[in-house]
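Open the model in your viewer and keep the selection tool at hand. We will walk through it stop by stop, and at each stop you will hear what to select and what to look for.

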Amino acid sequence: MTKVTVFGAGSWGTAFATVLANAGNQVSVWGRRESLCEVINTRHENPDYLPNLRLPDAITATHDPAQAADGAEAIVLAVPSQSLRENLRDWAGVLPSAVPLVSLMKGVEVGTTKRMSEVIAEVTGAGPERIAVVSGPNLAREIAEGQPAAAVVACADEGTAARLQKLCHSPTFRPYTNNDVIGCELGGATKNVIALAVGMAVGLGFGDNARASVITRGLVETARLGTALGADEHTFSGLAGLGDLVATCSSPLSRNRTFGEKLGQGMTVAEIAGGTRQVAEGVKSCSSISELAHHHDVEMPIAEHVTKVVAGEMTPRDMLFSLVSRSAKSERWG
Ligand SMILES: NC(=O)C1=CN([C@@H]2O[C@H](COP(=O)(O)OP(=O)(O)OC[C@H]3O[C@@H](n4cnc5c(N)ncnc54)[C@H](O)[C@@H]3O)[C@@H](O)[C@H]2O)C=CC1
Ligand SMILES: O=C(CO)COP(=O)(O)O
């Protein structure tokens, strides 16, 4: 049986471990807290992140990175984006050489504006043929419950993408290969920021027209950034673009949309963050994505406005009306 290791025992790390187990692999999950690893091993559940769900027996957990990684044929990384660099420095010495390193993360590093695949390459020295990204409309709870979904496995190397596709193709999870790592990563990171804006509209009591307008224009600015950075524009109409954007912006399960909704209802960033243990990546990545856009001279009005709200420089209501009253443009070229 193939062993696959997942670093990160949060919602998505655990749900993706379930996918891998259901696809026939032995899965070792590294968890930050020893007590949670113990619960996963003895009770076969992760009550902190996926309560009331039985995990497959093929999943075991450990707090020891060397034990987790030993003998793995693929390493999957699922910790909050802003903590990846620091964690990976600790783990780099125990990762098997030559195996694929797979990012499940949807964020852009604050301070460096690096995508997660770039952080992985820098810290581990792995080449692009070993670094892959899994992205798409994959709300963790639904996936862990075995509800059907599709995703994208992106890697510059077709053979690596195809091997990983096989590893995670389960009866309910359908992965497609793609060679556009940049587009898949930016689609995943930016949709979290757009979901914050949609959530704010929902929290303010606005209806479907406002939501659809933010989603659609959000996709336009995501594709604009992506193509400026060398992504394939078609990626943004695929699962890692439109697919993930629609799922995240529509679902009450999304932490980013929920975070935005609470902002729209008048709570502060600190109040909302203090009330959850789960990461809403867009809250940090909005500033790095806006910075990336500035570096590349790309206009991203929604991301820039969300960044101001998160920084406490604008209210959600002012944000939405400021976006509507921007100078008039053509849809095609604006
Ligand atoms: N939850 C979801 O539905 C999906 C999440 N993702 C992405 O997967 C990544 C991980 O997200 P989740 O598992 O959902 O987050 P989570 O908040 O549910 O879990 C994060 C995990 O990382 C651990 N952690 C937190 N801070 C840490 C640190 N400084 N060092 C090491 N470990 C730390 C937590 O203890 C927890 O086990 C994020 O980038 C997210 O955008 C992608 C697709 C779906
Ligand atoms: O990425 C996700 C779904 O594909 C999960 O979104 P949230 O992080 O907003 O919950």
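Helices (H or I, at least four residues) and strands (E, at least two) are DSSP runs here, numbered from the N terminus. Residues are numbered from 1 along each chain as its sequence is written, while chains are lettered from A and ligands numbered from 1 in the order in which they are written. Please remember that this is a predicted model, in which local features need pLDDT of at least 70, side-chain atom pairs count only at pLDDT 80 or more, and totals for chains, interfaces and linings use all residues.

**Stop 1: a loop residue**

Select Ala98, which you will find in the loop between helix 4 and strand 5. Ala98 is not a glycine, yet its phi is positive, at about 75 degrees. Is this residue buried or exposed? A residue is called buried if 20 or more other C-beta atoms lie within 10 Å of its own, exposed if 12 or fewer, and partly exposed in between, with C-beta atoms placed from the backbone. Ala98 has 9 C-beta neighbours inside 10 Å, so it counts as exposed.

**Stop 2: the sheet**

Now show the strands. Eight of them would be a lot to take in at once, so start with the order: the open sheet of 8 strands reads 3-2-1-4-5-6-7-8, with mixed pairing. Two strands pair if DSSP finds at least two bridges between them. At the edges are strand 3 (59-62) and strand 8 (173-178), each pairing on one side only. Neighbouring strands are turned by 25 degrees against each other on average, direction ignored; axes are lines fitted to C-alpha atoms, for helices over the stretch in contact, and angles run from 0 to 180 degrees between N-to-C directions.**Stop 3: strands 1 and 2**

Select strand 1 (residues 3-7). Of its 5 residues, 4 are buried, so strand 1 is largely enclosed by the rest of the structure. Strand 1 runs parallel to strand 2, and 5 bridges join the two. Lys3 has Gln26 in strand 2 as its bridge partner, and Val6 is partnered there by Val29. Follow the chain from strand 1 through helix 1 (residues 11-22) to strand 2, and you trace a right-handed β-α-β crossover. Right-handed means that, with the strands pointing away from the viewer, the path from the first strand over the helix to the second runs clockwise.

Stay with Val6 and look towards strand 4 (residues 74-77), which is parallel to strand 1 and joined to it by 4 bridges. In strand 4, Val76 is the bridge partner of Val6.

Next, select strand 2. Here 4 of the 5 residues are buried, so strand 2 is largely enclosed by the rest of the structure. Strand 2 also pairs with strand 3, in the parallel sense and over 4 bridges. One pair to pick out is Val27 with its bridge partner Ile59 in strand 3.

**Stop 4: helix 2 and the loop after it**

Add helix 2 (residues 34-43), which packs on the sheet and touches strand 2 (26-30) and strand 3. Contact means that the C-beta atoms of two residues, placed from the backbone, lie within 7 Å. The direction of helix 2 makes about 155 degrees with that of strand 3.

In the loop between helix 2 and strand 3, click on His44. Its phi is near 55 degrees, a positive value in a residue other than glycine. His44 has 14 other C-beta atoms within 10 Å and is partly exposed.

**Stop 5: helices 4 and 5**

Select helix 5 (residues 116-124), which lies across strand 5 (101-103) and strand 6 (131-135) and runs at about 150 degrees to strand 5. Then add helix 4 (residues 84-91): the axes of helix 4 and helix 5 come within 10 Å and cross at roughly 30 degrees. The crossing is right-handed, meaning that the near helix is turned clockwise from the far one by less than a right angle, whereas anticlockwise would be left-handed.

Which residues of helix 4 and helix 5 meet? From helix 4 come Leu84, Arg85, Leu88 and Arg89, and from helix 5 Met116, Val119, Ile120, Val123 and Thr124. This contact divides into 6 nonpolar, 1 polar and 2 charged residues. In this count Ala, Val, Leu, Ile, Met, Phe, Trp, Tyr, Cys and Pro are nonpolar, Asp, Glu, Lys and Arg are charged, and the others, Gly among them, are polar.

**Stop 6: the other edge, and beyond**

Move to strand 7 (residues 149-155), which runs parallel to strand 8 and is joined to it by 6 bridges. Ala151 stands opposite Pro175 in strand 8.

Finish at Gly312, in the loop between helix 14 (301-310) and helix 15 (316-324). Gly312 has 10 C-beta neighbours inside 10 Å and therefore counts as exposed. For a last distance, take the C-alpha atoms of Gly312 and Trp91: they are separated by 36 Å, and the two residues are 221 apart along the chain.
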